[in-house]
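Biologist: I would like to learn how to read this model. Please take me through it one feature at a time.

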Amino acid sequence: MTVEQAVSCDVAIIGAGPAGTVAGALLAAQGFDVVVLERSTFPRFSIGESLLPQSMVVLEEAGMLDAVEAGRFQLKTGAVFHRGPRSAVFDFSDKFSPGWGTALEVQRAPFDKILADEAARQGVEIWYGCDLGEVDFDRDRPRLACTREGGETVLTASFCLDASGFGQVLAKKLNLARPSRYPARESIFTHVGDAFPQGLFDRDKILITVHPTDPGIWYWLIPFSNGTSSIGTVAAKDAYRRYPGDDADILTGVIAEADRLAELMAHATFDRPCQRIVGYSSEVTTLTGANFALLGNAGGFLDPVFSSGVTIALKSASLAASVLGRQLRGHAVDWEQQFVAPMQLGVRTFGAFVSAWYDGRLQDIIFAEDKRIPIQQMICSVLAGYAWDMNNPYVAQPERRLTALAEICRRS
Ligand SMILES: Cc1cc2nc3c(=O)[nH]c(=O)nc-3n(C[C@H](O)[C@H](O)[C@H](O)COP(=O)(O)OP(=O)(O)OC[C@H]3O[C@@H](n4cnc5c(N)ncnc54)[C@H](O)[C@@H]3O)c2cc1C
């Protein structure tokens with residue numbers, strides 16, 4: 001029998017990914033009643049496995065660091081880039097901005113469950129297997145209808161945070177989506193039992209390989225602590241059409257074209273079916289309304305190349321929890337200045353790096369033989385996720401600085 005139940009809380013959050021659970025925990029710590037509506041049951045697979053040092057700052061702020069460390073995930077100290085015979089190594093400890101110099105490589109199923117369990121331990125109520133229906137944002141208090149445990153529930157809240165990731169619930173329901181400035185790209189990925197030859201690979205670093213002849217194709221190799229790795233490739237939409245077979249054949253074929261990666265992967269075995277995501281970049285017309293804000297991917301997504309997704313998601317959770325906490329305590333707040341502007345700053349920094357990667361400027365900087373140490377440290381800072389440090393000229397003026405540096409690197 002369907003029973004309609006009415007539940008009221010201070011903050012409703014859609015989605016129990018990193019943005020949702022961390023925002024929930026930060027609000028619960030301020031004494032607010034938080035309910036998270038999650039479509040799936042956990043643990044569940046998610047892509048987005050390489051964290052940046054900046055994300056550790058927010059995990060620490062949310063009191064989740066001990067629980068994450070107990071998860072025994074792979075330490076990440078930096079990034080290695082390969083293009084043909086050339087290599088470039090970035091060690092996050094050698095960076096311009098202060099703060100964490102290491103991060104983690106995480107299987108998202110256990111990682112997201114740890115964050116969710118921590119949020120629940122800190123007082124957040126999480127409704128798993130919750131099927132969201134009609135939403136009404138025209139009233140003072142948003143109203144979200146959902147089906148869970150076989151019955152209908154209507155949840156009302158003072159404010160709603162949408163942290164539904166690629167689900168982009170409110171962007172769709174409130175018509176906030178707009179086309180991305182980036183061309184559509186697609187990615188094929190899986191996990192492998194890695195069996196890498198000794199000495200060929202530093203497990204403490206993510207490996208990014210550029211395709212030998214098509215700079216628009218690149219690969220990630222993210223090692224985990226249990227002897228498995230995440231491998232994936234990104235290409236312009238439809239570029240995989242020239243490879244025969246199913247996604248596993250295509251991934252194998254693309255890897256075979258990059259000699260050094262192919263050598264590493266010679267004895268690797270695919271551990272799970274390959275998955276493909278197409279056209280993941282997205283933007284919205286606004287990140288906030290009178291009684292809602294969009295966090296993480298729900299507010300848009302750039303590109304996977306610099307592993308910025310979880311970092312941006314966590315930063316948005318931290319900023320929103322701070323502004324919303326003050327608002328709910330009755331203080332005047334300015335969402336544009338205190339949430340939207342800082343989010344746009346980080347997205348602009350990462351966005352400039354993404355554009356420079358695909359148009360070749362950043363690849364020429366990264367693989368330049370003439371390493372200008374102070375400049376490398378500033379680039380390294382952004383690669384470590386410190387995209388909000390206005391003392392770094394590559395954050396203050398990323399576009400202009402990257403163009404100028406690429407010209408110097410090309411001349412040298
Ligand atoms: C190919 C690829 C590779 C990537 N690699 C990286 C990487 O290495 N590092 C990195 O930092 N980022 C990476 N990302 C990005 C990363 O996946 C996301 O940015 C990150 O997961 C966003 O976190 P989130 O909390 O906003 O959303 P998510 O982690 O997606 O969580 C959203 C949650 O909302 C739930 N949900 C969705 N719809 C509904 C609904 N209707 N009702 C209730 N719940 C709902 C989902 O089940 C999910 O649990 C990658 C992305 C792609 C496409």
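Modeller: We go from the whole chain to single residues, and the model is a predicted one.

Biologist: Which helices and strands, and how many of each, does the protein hold?

Modeller: The protein has 13 helices and 20 strands. Along its principal axes, the C-alpha trace spans about 65 × 45 × 40 Å.

Biologist: Why can the protein be called as compact as a globular protein of that length?

Modeller: The way to judge this is to set the radius of gyration beside the value from the globule rule. Here the radius is 21 Å and the rule gives 22 Å for 412 residues; the two are close, so the protein is as compact as a globular protein of that length. In addition, 47% of the 412 residues count as buried. Of the contacts with a separation of 6 or more, 74% are between residues 24 or more positions apart.

Biologist: What domains is the protein divided into?

Modeller: Domain 1 is made of 4–46 + 108–178 + 284–346, domain 2 is 185–278, and domain 3 is 351–411. The centres of domain 1 and domain 3, taken over C-alpha atoms, are 33 Å apart. Their contact takes nine residues from domain 1 and eight residues from domain 3.

Biologist: How should I read such a contact?

Modeller: In general, the size of an interface is often given as the accessible area lost when the parts come together. For this structure we can look at residues instead. On the side of domain 1 that touches domain 3, helix H9 (residues 335–358) gives the most, with three residues. By class, that side of domain 1 has five nonpolar, three polar and one charged residues.

Biologist: How many residues surround the ligand, and which are the closest?

Modeller: The ligand is surrounded by 38 residues, and the closest are Gly-17, Gly-48, Gly-165, Gly-296 and Gly-309. Helix H1 (18–28) and helix H8 (309–328) are the elements that give two or more residues to this shell. H8 gives the most, with four residues. Sorted by class, the shell has 18 nonpolar, 17 polar and three charged residues. Domain 1 and domain 2 each supply at least three residues to the shell.

Biologist: Now the strands. What should I look for?

Modeller: In a regular strand the side chains alternate between the two faces of the sheet. Beyond that, look at the partners and the direction. Strand S1 (residues 4–14) runs parallel to strand S10 (residues 151–162), and ten bridges join them. Within this pair, Cys-9 has Ala-157 in S10 as its bridge partner. S1 also pairs with strand S2 (residues 34–37) in the parallel sense, over four bridges. There, Val-11 stands opposite Val-34 in S2.

Biologist: Which residues of helix H2 are buried, and what covers them?

Modeller: In H2 (residues 53–61), the buried residues are Pro-53, Gln-54, Ser-55, Met-56, Val-58 and Leu-59. Their cover includes H1, helix H3 (65–70), strand S6 (103–105) and H8. Just after H2, Gly-63 takes a positive phi of about 70°.

Biologist: Which residues that are not glycine have a positive phi, and are they buried or exposed?

Modeller: Two cases can be set side by side. Gln-168 has a positive phi of about 40°, and lies in the loop between S10 and helix H5 (169–173). With 22 other C-beta atoms within 10 Å, Gln-168 is buried. Asp-238 has a positive phi of about 80°, and sits in the loop between strand S15 (228–236) and helix H6 (247–256). With 10 other C-beta atoms within 10 Å, Asp-238 is exposed.

Biologist: Where is there a cis peptide bond?

Modeller: A cis peptide bond joins Phe-42 and Pro-43, with omega about 0°. Pro-43 belongs to the loop between S2 and H2.

Biologist: What does a partly exposed residue look like here?

Modeller: Take Pro-215, in the loop between strand S13 (205–210) and strand S14 (218–223). Pro-215 has 15 C-beta neighbours inside 10 Å, so it counts as partly exposed. Leaving aside neighbours within four places in sequence, Pro-215 is in contact with Val-210, Gly-360 and Gln-363. Pro-215 and Arg-83 are 132 residues apart in sequence, with their C-alpha atoms 9.0 Å apart in space.

Conventions. Residues are numbered from 1 along each chain as its sequence is written. A residue is near a molecule or strand if its C-beta atom, placed from the backbone, lies within 6 Å of it. Ala, Val, Leu, Ile, Met, Phe, Trp, Tyr, Cys and Pro count as nonpolar, Asp, Glu, Lys and Arg as charged, and the others, Gly among them, as polar. Domain bounds come from an automatic or database domain assignment. A residue is buried if 20 or more other C-beta atoms lie within 10 Å of its own, exposed if 12 or fewer, and partly exposed in between; C-beta atoms are placed from the backbone. Two residues are in contact if their C-beta atoms, placed from the backbone, lie within 7 Å. Two strands pair if DSSP finds at least two bridges between them. The radius of gyration is taken over C-alpha atoms; the globule rule is 2.2 Å times the number of residues to the power 0.38.
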